Amino acid sequence: MRERKISDVYDSVLLDMKKLKGVKRIALAGRDGYQIGDQASEGSQTLTLMSANMLRAAETVTNALEKVNPNRIIVEYRGGKLITTSVGSKALISVMTEKDASIGPIIKELDKTAGKIKEIL
C-alpha cells in the first residue's frame, strides 16, 4: 500500500463540503493564506490570501473589544456569500456559496470539516 500524501488527506476531508448544495468553491489554507492541498483552482489563491487577511482583521477587532476570537466571518456579495472559518491557530477554510444558498447546512458541515482538519493538524 502506497503512503498517501498529506495533501490527499486534506482533499479527501474537504470532499463532503465540495458536494454540498450551494457550495461553489472551497479552499483550505494556512493562517498565512497559502493553500494546503491540491484543490487549487482559478482564483483560489486570491480567495485564501484575502480570507486570511479578513480573518486576522476580525480577530484583531474582537480581541481588542471583547477579548474573544470570532468563530467565522461571513461576507455577503451580489453573487453569494463568502464564509471563512478558523481551523485553530494553523489554518482556515473558505467557502464561496451560490447566490441563494442556504448557509445553515453549509456552516454546520464547515464546522464539522474544520474539526476533522484540526485533528489532523
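A residue is classed as partly exposed when its relative accessible area falls between the limits for buried, under 20%, and exposed, over 50%. In this predicted model, K112 has a relative accessible area of 45% and is therefore partly exposed. The side chain of K112 forms a salt bridge with E109, the closest N and O atoms lying 3.5 Å apart. Because K112 and E109 are three residues apart in helix 3, about one helical turn separates them. E109, in contrast to its partner, counts as buried, at 13% relative accessibility.

The structure holds four salt bridges, and K116 takes part in another of them, with D16 as its partner and a distance of 4.0 Å between the closest N and O atoms. This pair links distant parts of the chain, since K116 belongs to helix 3 (residues 103-120) and D16 to helix 1 (residues 6-19), with their positions 100 residues apart in sequence. K116 is partly exposed at 33% relative accessibility, and D16 likewise counts as partly exposed, with a relative accessible area of 37%.

A further salt bridge joins the side chains of R31 and E59, with an N to O distance of 2.5 Å. R31 is situated in the loop between strand 1 (23-30) and helix 2 (44-66), whereas E59 is part of helix 2, so the pair ties together parts that are 28 residues apart in sequence. Both R31 and E59 are buried.

How values were computed. Residues are numbered from 1 along each chain as its sequence is written. This is a predicted model: local features need pLDDT of at least 70, side-chain atom pairs count only at pLDDT 80 or more; totals for chains, interfaces and linings use all residues. Side-chain values use heavy atoms; hydrogens and water are left out. Helices (H or I, at least four residues) and strands (E, at least two) are DSSP runs, numbered from the N terminus. Buried means under 20% relative accessible area, exposed over 50%, partly exposed in between (1.4 Å probe, protein chains only).
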